[in-house]
Amino acid sequence: LLVGSAAPESPVVVGTDTLVKVKAREPGKDGRKVTYADVGGLGAQLTQIREVVELPLKYPEVFRRLGIEAPKGVLLYGPPGTGKTLLARAVAGETSAHFIHVSGPEIFHKFYGESEAHLREVFREAQENAPGIIFLDEIDAIAVKREDVYGEVEKRVVAQLMALMDGLEARGQVVVIAATNIPGSLDPALRRPGRFDREIYIAIPDYQGRLEILKIHTRAMPLAPNVDLGEIANLTYGYVGADMANLCREAAMVRVRKEMPNIDFAAEHLPQEKLEQLTVHHEDFMEALKGLKPSAIREVFTEVDKVKWSDVGGLEEAKQTLQEAIEWPIKYATLFK
């Protein structure tokens, strides 16, 4: 019985279960293969994920020789925009593995048993096209703590996912990569060895990481000689990879905005000489920085109020203790030294 249109991609209902055809998605959003050269500021994390994902997929004989099982799953966690999805796509692109990208909310369906069937279909396709990588984005949407949810569907999906993870040994070269911003919300049983063997923290990039990300996003951008990427990286504390990409895009738009008065919109095409003169300057980056806020500290706002000791009545002993412990070492650091 076909439900909906008779197109080949329609769900096929068998009893109360629905089998949904899952399509593997391209490693890159634009169809371009993502490589390690597209990942900046994640050198240590890239080394870790290569040894637990790329090595078992490319050279399984290494693990057979050592007499150990290859890792079955990797959990990537960290703040939004730090490159968790990009890292998974880069590994898939470098290994040429069959890559299936599944967003957490996509798993759930309205009919009884559909959600579990969808999950089983994902793992079945990865097994048939091994070596394969299953990337579960926003896994916190489908693998929450069972004691924190009241719906039976959510509990069954978590149980089904754990059963599939345990059965990966018979599935051959299939590795599960999951990503989340809130690892504390995941069911503890899913985070034990044998399911997700390795947890990799994708941190906010430091100065060197931000500089690498800037170089990646500006490698195809015509930059003026006065652009100092080092200074820009130094001014972007708290910016994650997505913020750096947005900064480069906004800087280019600032330059376009400045050149708009010189553009003849009646013409079908811009003259080639005008295109060649279009370059992004350092001041464009500085102007773009004014309107952007770093994601890592977006929810933090610090304001120092002008409150003096004389504004606090009483509490003389407490004020004296705080002055001696905090104020004096800062104001009279040479005397303490």
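This is a short walk through one predicted model, starting with its sheet and ending with its salt bridges.

Okay, some housekeeping before we look around. Because this is a predicted model, local features need pLDDT of at least 70 and side-chain atom pairs count only at pLDDT 80 or more, while totals for chains, interfaces and linings use all residues. Residues are numbered from 1 along each chain as its sequence is written, and side-chain values use heavy atoms, with hydrogens and water left out.

When I say helix or strand, I'm talking about DSSP runs, H or I of at least four residues for helices and E of at least two for strands, numbered from the N terminus.

Let's start with the sheet. It's an open one with five strands, in the order S4-S5-S6-S3-S7, and the pairing is parallel. Two strands count as paired if DSSP finds at least two bridges between them. At the edges sit S4 (98-103) and S7 (198-201), each pairing on one side only. From one strand to the next, the twist averages 20 degrees. Angles here run from 0 to 180 degrees between N-to-C directions, and the axes are lines fitted to C-alpha atoms, for helices over the stretch in contact.

Now, look at S3. How many bridges join S3 to S6? Five, and the two strands run parallel. On the S7 side, S3 pairs over four bridges, again in the parallel sense. Val-74 is a nice residue to click on: its bridge partner in S6 is Ile-177, and in S7 it stands opposite Arg-198. Leu-76 stands opposite Ile-200 in S7. S3 is largely enclosed by the rest of the structure, because four of its five residues are buried. Buried means under 20% relative accessible area, exposed means over 50%, and partly exposed is in between, using a 1.4 Å probe and protein chains only.

Next, the helices around the sheet. H3 (residues 84-95) packs on it, touching S3, S4, S5 and S6, and its direction makes about 170 degrees with that of S5. Contact, by the way, means heavy atoms within 4.5 Å. H4 lies across S4, S5 and S6, and runs at about 170 degrees to S4.

Then there's H5, residues 152-166. Its 15 residues reach 21 Å from first C-alpha to last, close to the 21 Å expected at 1.5 Å a residue; that expected span is 1.5 Å times one less than the number of residues. What do the buried residues of H5 pack against? The partners are strand S3 (73-77), helix H4 (114-128), strand S5 (132-137) and strand S6 (174-180). Among those buried residues are Val-157, Leu-161 and Met-165.

A few backbone oddities, on to the loops. Pro-131, in the loop between H4 and S5, is joined to Ala-130 by a cis peptide bond, with omega about 0 degrees. Glu-138 has a positive phi of about 55 degrees although it isn't a glycine. You'll find Glu-138 in the loop between S5 and H5, partly exposed at 30% relative accessible area. Leu-315 also isn't a glycine, and has a positive phi of about 55 degrees. That one is in the loop between H10 (282-290) and H11 (316-331), and is Leu-315 buried or exposed? Exposed, at 58% relative accessibility.

Last stop, salt bridges. Side chains of opposite charge can pair when their charged atoms come close. The cut-off here is a side-chain nitrogen of Lys or Arg within 4 Å of a carboxyl oxygen of Asp or Glu. A search of the whole structure finds 15 of them.

Glu-54 and Lys-58 make one, with the closest N and O atoms 3.2 Å apart. Both are in H1 (residues 43-58), four residues apart, about one turn of the helix. Glu-54 is buried at 7%, whereas Lys-58 is partly exposed at 36%.

Glu-116 and Arg-156 meet in another, at 2.6 Å, N to O. Glu-116 lies in H4 and Arg-156 in H5, so the pair ties together parts that are 40 residues apart in sequence.

Finally, Asp-284 bridges to Arg-255, the closest N and O atoms being 2.9 Å apart. Asp-284 is in H10 and Arg-255 in H8 (residues 241-259), 29 residues apart. Asp-284 is buried at 0%, and Arg-255 is buried at 11%. These two belong to a network of salt bridges that also includes Lys-258, Glu-259 and Glu-287.
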